[in-house]
There are 4 protein chains.
Amino acid sequence: MSINSFGHVFRFTTWGESHGPGLGAIVDGCPPGIAIEAKFVQHWLDKRRPGQSRYTTQRREKDEVEILSGVFEGRTTGTPIHLMIRNTDHRSKDYSEIRDKFRPGHADITYWQKYGLRDYRGGGRSSARETAARVAAGGVARAVLKQLAPSVSILGYLTQVGEIPAMRNQFDLRKIESNAFWCPDDQAAKRWAIYLDKLRKSGNSAGAVVEVVARGVPAGLGSPVYGKLDADLAAAMMSINAVKGVEIGEGMNAARLTGTENADEISMGPCGPEFAANHAGGILGGISSGQEIVVRFAVKPTSSILSPRKTITVSGDETEIVTKGRHDPCVGIRAVPVAEAMMACVLLDHYLLDRGQTGSTRGKIG
Amino acid sequence: MSINSFGHVFRFTTWGESHGPGLGAIVDGCPPGIAIEAKFVQHWLDKRRPGQSRYTTQRREKDEVEILSGVFEGRTTGTPIHLMIRNTDHRSKDYSEIRDKFRPGHADITYWQKYGLRDYRGGGRSSARETAARVAAGGVARAVLKQLAPSVSILGYLTQVGEIPAMRNQFDLRKIESNAFWCPDDQAAKRWAIYLDKLRKSGNSAGAVVEVVARGVPAGLGSPVYGKLDADLAAAMMSINAVKGVEIGEGMNAARLTGTENADEISMGPCGPEFAANHAGGILGGISSGQEIVVRFAVKPTSSILSPRKTITVSGDETEIVTKGRHDPCVGIRAVPVAEAMMACVLLDHYLLDRGQTGSTRGKIG
Amino acid sequence: MSINSFGHVFRFTTWGESHGPGLGAIVDGCPPGIAIEAKFVQHWLDKRRPGQSRYTTQRREKDEVEILSGVFEGRTTGTPIHLMIRNTDHRSKDYSEIRDKFRPGHADITYWQKYGLRDYRGGGRSSARETAARVAAGGVARAVLKQLAPSVSILGYLTQVGEIPAMRNQFDLRKIESNAFWCPDDQAAKRWAIYLDKLRKSGNSAGAVVEVVARGVPAGLGSPVYGKLDADLAAAMMSINAVKGVEIGEGMNAARLTGTENADEISMGPCGPEFAANHAGGILGGISSGQEIVVRFAVKPTSSILSPRKTITVSGDETEIVTKGRHDPCVGIRAVPVAEAMMACVLLDHYLLDRGQTGSTRGKIG
Amino acid sequence: MSINSFGHVFRFTTWGESHGPGLGAIVDGCPPGIAIEAKFVQHWLDKRRPGQSRYTTQRREKDEVEILSGVFEGRTTGTPIHLMIRNTDHRSKDYSEIRDKFRPGHADITYWQKYGLRDYRGGGRSSARETAARVAAGGVARAVLKQLAPSVSILGYLTQVGEIPAMRNQFDLRKIESNAFWCPDDQAAKRWAIYLDKLRKSGNSAGAVVEVVARGVPAGLGSPVYGKLDADLAAAMMSINAVKGVEIGEGMNAARLTGTENADEISMGPCGPEFAANHAGGILGGISSGQEIVVRFAVKPTSSILSPRKTITVSGDETEIVTKGRHDPCVGIRAVPVAEAMMACVLLDHYLLDRGQTGSTRGKIG
């Protein structure tokens, strides 16, 4: 079942809660002999780390990763890699007020309905802190891809915050790391800053759209039915906290197109097939085409807000709730490195799965 | 791995190609003692059957299901149920022209790139004919839900064809079966008919949006991380042919909302918690809340069209392609019963998974 | 979950009952482009077919396999291969007498206790007829091994019937196909014939020991903990009807040995490491060593016998039972091709799993 | 694939090496609300702990378990339980001599052949230290069984050391904890002590046979084909280090029996069916019958011995090896609590699996 595991042959299992001693990921099925150090994984964790701007939670976690197994003398051994991150700043007092109330829009109530209990300190497994473990696993996946499929590069960014979209004709990917929003349009980033400052002050929060693009992915990854590359990407992204929609290529907009518009016409380039457009988002019939793989998803606004909302208590009494604590006004920002990590894991998983099944079999074109 | 299987404990595996002798689904993990007959499954297959209006493919398949195992004296035995459907109208001649050309927007090219071969007769496993097997599996899931969770009802319909949306304030669910589009807004259905007639005559095709709603689903199905109910629904829907985006509740629109707008406030009703709205689409933190589960997805326009498109051949020569054959001008229409079937399978799978893990444990409210 | 599936990446799912219309196996994860014909699979089914001597059931099944999917123009497509075998000689009348009685030593009672029903016609899924589907799947595995790992050969035979062992110093593998018992010691075969004739006439049955040897298996298949090659072989063999014990190499006898006796000393041969003995049965720490893989298992005597045994009815009344029908006096005989098939499937599964994870990484010796 | 995970719905994943910082198990799928404390798990770890007599390794590990997640306020939460054990006494110097040599009968050579590397400090994942993680997972399984199926009790013991069997007619289960060998026959224990002292002094080691019995297991656990209870038990036991054979009930001896001897005749007792004998070991057709479940397995003698053995180096040079270090002269002794743990995990896994699939469906007898 493995309801806390993800992946087919490159498979990770995460453990840990927001307010326990720590959390971690066990990465199973990693190829042996891959050079890796904690520093390499730490790089990606630092990207996700809270408290780096006023637009993310002020919880101060160093998120230092320890590699407790599976790496020997600087190389993966092919056996389980345990990546552990200790919690250092989990002040439970912030949560005492919400002990018996359910936050609207939050997993509090469903967690209670399912398990008959609730980790009122911080959401237990429904806390976005679990995503640190994914980012660590993604760091390992990136190290492996670097060696086995060095052409692959993965880049995520925000394309929308609340009602304000970034402008694609203003995109400059070099700008992504220069603002607090992983935004390739620096004018949009400025507008978002103003918008979020206002929301935050009024005790409110905003949704966002994240896009992740993988370049240089070999053609042939995925399979035609339930092992579709896009089905796995959809599950991967939808499993990230607060995600309510996932798109591949044109996404929901594909409904508006006609067949002639949507067909990415094919020509023959010097290195193989070339496509006149990429409405498909790099995946046709569940299998990668060699084009850029484009995934996009919407993150809902944080449910833990300072504005009072009507709710009930565990005893069924009606009441109001105000969530203090230290919450992200826009969780979409920190979802960017998480989504990149999930993309890396899905691609490597399918790379290894394909290598197992098809070996070097490939249909030659031209 | 099971790249042709779906589900955790209620798990089905499909086999068969568009132009082989037939196709089928093996349903594993079905509870024993459930009353079922072929007729019950056939009902749902008939809903999906091609050739019922001029808006779907004119291929004439009776799609008669045979139950070859797992049912004895009218009841499930708890062992694998094999549901087989023979192909009767697979005229391969229609495909001879496209033997060496790749249809733009179609899996032809990626199938070739992965496997080094191609079933040029009709797309092999990438044909939407595979979805008949899912509908059959979904029929079994419905029969089980009817007995174990009789409150559950599942209903799918189209909300958009091309650029023309149905109007929610015109929805009348009783109208769904009275038009060729499973549309609850009969005025929209009329507009779609005109729109599709025009497109079809010009050798073109249209995308669509499908929505599936499950009512009466018990709270507590799903789990907080990778076994999220919505992650499995996303994978389920994205695994349907031509789907490019999946939404739960507000979906992509969640990005535009603020935290105060998005919070579905909670009050105490006579039978338990009640919610002021359902932006969440019935799932909070991956677990069902007891509200309606709302899933929506976009289907791209059919790639097999009569309008000529630029492409290449297997030999790498540039050329044009016109796809004759008998193709759906809007595959979204026939995706409705398929999506309902996937919803039924996901819900039952999580119902059984939850019954295994939590038994009768439940958090009481009030 | 997949309680009717076997394997990790080369994975098959079987369906069908002894007295239904037929049975089959869906083989998933098969590499594409492998030459295969029904005739090749049929060869192995013929080896298992009942009624070939008076020492196996007199049920007359032709066991003709049909390949209904996954093979196109003589080659595997990489998609599910459905191998179907129709039941032709399932006379239910033979079973009418035992409808309400449980055969001692048989699954009748536990099937009833679990599922609350029973396929009294012939044991449902607990019938050894299910093994025909495994033999078909094994035929596919053999075809793939032939192409990917042509050094591999698999051979099974009986080493004991009842209390009479075959003599290893009399083994001549060329004799295996020349007697009714797949026995490499033709003198033992003669003794078994006399012994079984006597038992059969007295309405009794006998157990047996089967040994399967795989030669030419590459070193490096398997993994050190739960993915051990021997753990998978143990599960594979124990899943065959009537098996009560499984041994690798020395097996249970390993308990009697000292460390000095058991250590297979290593020297360096012209093509790599050589071992002075093979107490390990070709597997060290769950991973193949390149030596012969030796698996052995015991099959209990058939429970369906003509001698009256005390039992109870479904209503709890005490009674006696005599099983008429057409049953194997020694099911071990027909278990030989089944065990060979399971060996082929396990080896190919681990070959593909290893190719996925480690690619061409290998530790060079010398 | 999960080559480091075990189980279907109650599923654990282990990590860690003999000579790294520690090891652990992530238990997934555990029911919520089960009372558990570290002390309860520790009890079983203490039973396995090394250095408790001169017949086990003198390595001094406290094997203190920490519960790092999944338990809140003394009860399981239904989310992953991480059980971590730090290594405290891993002196790598003992291993320096064997850095480049392969121990005959040990995984050294196959590990190298597969992964192209080797953790020469102590065998990496092939070390029996991994079994501490299983014992911890088994502790959780026992706590759950205690609440959900309190009738179940599990007891393991040694029945043979080297060539010396314990005598069944001398069995007194109360003696098991009173000698260093978990032996129910205290005279045999005395003979084993003398035998092992002699072997140990001569730099040699011995094999053993372990038997585990589960009483009070409800009828109906398991399933008829690949999800057989005995197939999972066989995989479970065969996955324990050094195990070369696994038996259920009569085991390999079943081959010697006739059908009349082997049939456990059934009568009707006050609480349900009763059986005249238990040749079946409590499992018929892969499903528990309510009788005692009896599993037995052989452990080979330790390969790490002081007597010199011929071997080769990584460079392919022939040499001799003497393994100093601190090794168990009879690893069978410490396999007892490991086998009990695996039995607990398999039984709980099938209990939950069965509860999911069949709910309260059961065939009533009488």
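**Chain contacts and a sheet in a predicted model**

Good morning. I begin with the contact between chain B and chain A, which takes 115 residues from chain B and 116 residues from chain A. Please keep in mind throughout that this is a predicted model.

How much area do chain B and chain A bury between them? The value is about 9,100 Å², with 62% of it on carbon and sulfur atoms. Three residues, B:K114, B:Y226 and B:K244, supply 10% of the area that chain B buries against chain A, more than any other three residues.

Let me turn to the polar side of this interface. Between chain B and chain A the count is four salt bridges. One of them joins the side chains of B:R309 and A:E265, at 3.8 Å from N to O. In addition, 51 residue pairs are in polar contact across the interface of chain B and chain A, both residues being at pLDDT 80 or more. On the side of chain B that touches chain A, helix α2 of chain B, residues 108–115, gives the most, with seven residues. By class, that side of chain B divides into 53 nonpolar, 43 polar and 19 charged residues.

The two chains also pair through strands. Strand β11 of chain A and strand β11 of chain B, residues 243–248 in each, run antiparallel and are joined by three bridges. Within this pairing, A:V246 stands opposite B:V246. As a general point, strands of a sheet pair through backbone hydrogen bonds, either parallel or antiparallel.

Next, chain C. Its contact with chain A takes 15 residues from chain C and 15 residues from chain A. Chain C and chain A bury about 1,100 Å² between them, 58% of it on carbon and sulfur atoms. The side of chain C that touches chain A has seven nonpolar, seven polar and one charged residues. Across this interface of chain C and chain A there are zero salt bridges, while nine residue pairs are in polar contact, both at pLDDT 80 or more.

Finally, I look inside chain B. Five of its strands form an open, antiparallel sheet in the order β1-β2-β3-β7-β4. Why is one side of β1 and of β4 of chain B left without a neighbour in the sheet? Both stand at the edges, each with a single partner strand, so one side of each has no neighbour there. Two bridges join β1 of chain B to β2 of chain B, residues 11–16, and these strands run antiparallel. Here B:F6 has B:F12 as its bridge partner. Helix α1 of chain B, residues 38–48, lies across β4 and β7 of chain B, running at about 140° to β4. Thank you.

Definitions and conventions: Residues numbered from 1 in each chain as written. Chains lettered and ligands numbered in written order. Predicted model: local features only at pLDDT ≥ 70, side-chain atom pairs only at ≥ 80, totals over all residues. Heavy atoms only, no water. Contact = heavy atoms within 4.5 Å. Buried area = accessible area lost by both parts, 1.4 Å probe. Polar contact = N/O pair within 3.5 Å; in protein donor to acceptor, adjacent residues only side chain to side chain. Nonpolar A, V, L, I, M, F, W, Y, C, P; charged D, E, K, R; others polar. Helix = DSSP H or I, 4+ residues; strand = E, 2+ residues; numbered from the N terminus. Pairing = 2+ DSSP bridges. Axes fitted to C-alpha atoms, helices over the stretch in contact; angles between N-to-C directions.
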